[in-house]
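Hi,

Here is the structure I promised to pass on. Have a look at it first, and then read on for what I found in it.

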Amino acid sequence: MSGLNLNLKLISLFLLLSCVPGIHVSAQLSSTFYAKTCPSALALIKASVVSAVAKEARMGASLLRLHFHDCFVQGCDGSLLLDDTSSFTGEKTAVPNNNSVRGFDVIDTIKSRLETTCPGVVSCADIVAVAARDSVVTLGGPTWSVQLGRRDSTTASLSAANANLPSPFSNLSALITAFSNKGFTAKEMVALSGSHTIGKAQCRLFRTRIYNETNIDSAFAKTLQGNCPRAGGDSNLSNLDATTPNFFDSAYFKNLLCKKGLLHSDQQLFNGGSTDSIVTAYSNNLATFRADFANAMIKMGNLSPLTGSNGQIRTNCRKVN
């Protein structure tokens with residue numbers, strides 16, 4: 001009986017862990033997943049990312065964001081890559097994604113090259129995960145071992161994309177909740193927000209902040225107003241990190257200490273709240289930020305992957321086979 005009781009307890013623990021956000025005990029990802037089936041996959045992805053970022057530094061941030069926006073909706077399953085059709089609604093027109101998420105063409109190019117080299121082997125979800133890591137490294141950031149073996153979804157969720165992705169207008173409590181819902185601590189949320197040390201944002205996303213908010217450096221706000229008028233210019237771009245916009249460092253956090261966060265959600269991390277001390281720590285210690293960011297990225301890459309016989313390996317990342 002004792003053996004039976006132990007088995008029952010283990011089964012109960014498995015079921016319990018399966019219900020905890022961010023913990024997925026069934027996933028069987030491995031950093032060496034393609035070692036035999038497509039040994040050149042990682043080198044091919046890296047070469048493509050390095051080339052794309054050399055042409056446009058912003059693309060590094062775009063590819064990193066693709067991974068984030070994919071993983072927070074249905075898990076890291078490539079659902080974000082699916083195009084809308086007359087009979088299928090994808091996630092690209094969700095408010096956080098529409099006319100905003102980009103880099104799909106780079107993923108298409110990588111997928112095409114991989115299909116020539118190893119047809120039907122490497123998933124679109126894994127391409128996105130590796131491209132995110134390679135983008136960060138290319139722009140001077142930390143590296144990490146990407147776990148592989150995700151498969152591609154045959155579904156997408158517009159409603160989940162609208163509900164799960166945090167808004168640039170979010171207050172601190174909403175940011176903490178959005179990440180907590182996916183199993184992340186407040187500290188991991190701050191570390192992942194450090195991805196805003198690269199990339200750009202559109203005027204429509206920070207106009208209210210630079211004209212109406214008081215927790216912003218006045219000279220910084222005035223400079224931004226020059227490229228973001230009160231009316232019009234919605235898609236005009238400004239750097240999320242005005243100091244070193246194309247280098248993955250800790251300047252983003254130093255900017256927050258000086259009230260130079262571009263988005264409302266950025267400055268919320270340092271605004272007299274519970275995360276102020278984390279921002280201060282990261283601004284003072286680049287090594288700690290790099291390590292915490294890398295670990296949080298591995299954790300994000302483990303969000304509800306499709307493995308085994310679930311999902312499929314798409315031939316074209318934009319459509320189901």
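Let me start with a residue in a strand: glutamine 202 counts as buried because its relative accessibility is 12%, under the 20% cut-off. Keep in mind throughout that this is a predicted model. Glutamine 202 sits in strand 1, and its side chain is busy with polar partners. It reaches the backbone oxygen of asparagine 99 at 2.9 Å, and it also makes a polar contact with the side chain of arginine 204, at 3.0 Å. Not counting residues up to four places away in sequence, glutamine 202 touches Asn99, Ser100, Asp234, Ser235, Asn236 and Leu237.

Next, the annotated sites. UniProt, in an unreviewed entry, lists Thr197, Asp241, Thr244 and Asp249 under "binding site". These four are spread over 53 residues of sequence, yet they cluster in space, with a largest C-alpha distance of 9.8 Å.

Two of those residues are worth a look one after the other. Threonine 197 is in the loop between helix 8 (186–193) and strand 1 (200–202). With a relative accessibility of 0%, threonine 197 counts as buried. Leaving aside neighbours within four places in sequence, its contacts are Asp241, Thr244, Pro245, Phe247, Phe248, Asp249, Ala251 and Tyr252, so the other three listed residues are among them.

Threonine 244 belongs to the loop between strand 2 (237–239) and helix 11 (251–257). Is it buried or exposed? At 26% relative accessibility, threonine 244 counts as partly exposed. Its side chain makes a polar contact with the side chain of aspartate 241 at 3.2 Å. Outside the residues up to four places away in sequence, threonine 244 touches Thr197, Asp249 and Ala251.

The same database also has an "active site" feature, again from an unreviewed entry, at His69. Histidine 69 is part of helix 3 (residues 58–71) and counts as buried, at 5% relative accessibility. If you skip residues up to four places away in sequence, histidine 69 touches Leu80, Pro96, Asn97, Val101 and Leu165.

Now for the inside of the protein. In soluble globular proteins, nonpolar side chains tend to be buried together. Here the largest nonpolar core has 69 residues, and the members that touch the most others are Leu66, Ile107, Leu114, Leu269 and Phe293. Helix 5 (residues 124–138) gives the most to this core, with eight residues. Apart from it lies another core, of 14 residues, which includes Ile210, Phe220, Ala221 and Leu262. Back in the largest core, leucine 66 is in contact with Leu80, Leu81, Val101, Arg102, Gly103, Phe104, Ile107 and Val128, leaving aside neighbours within four places in sequence.

Last, helix 2 (residues 41–55). Its 15 residues should span 21 Å at 1.5 Å a residue, and the end C-alpha atoms are 22 Å apart, which agrees. The buried residues of helix 2 are Ala41, Leu44, Ile45, Ser48, Val49, Ala52 and Val53. They cover an arc of only 160° around the axis, so they lie on the same side of helix 2. The face turned away from that buried side carries the exposed residues Ala43 and Ala54. What covers the buried residues includes helix 3, helix 4 (104–117) and helix 5.

Cheers

Technical notes. Residues numbered from 1 in each chain as written. Predicted model: local features only at pLDDT ≥ 70, side-chain atom pairs only at ≥ 80, totals over all residues. Heavy atoms only, no water. UniProt positions renumbered as here; feature names shortened; annotations may be inferred. Helix = DSSP H or I, 4+ residues; strand = E, 2+ residues; numbered from the N terminus. Buried < 20%, exposed > 50% of the residue type's maximum accessible area, 1.4 Å probe, protein only. Contact = heavy atoms within 4.5 Å. Core = buried A, V, L, I, M, F, W, Y, C linked by side-chain atoms within 4.5 Å. Expected span 1.5 Å × (residues − 1). Arc of directions from axis to C-beta. Polar contact = N/O pair within 3.5 Å; in protein donor to acceptor, adjacent residues only side chain to side chain.
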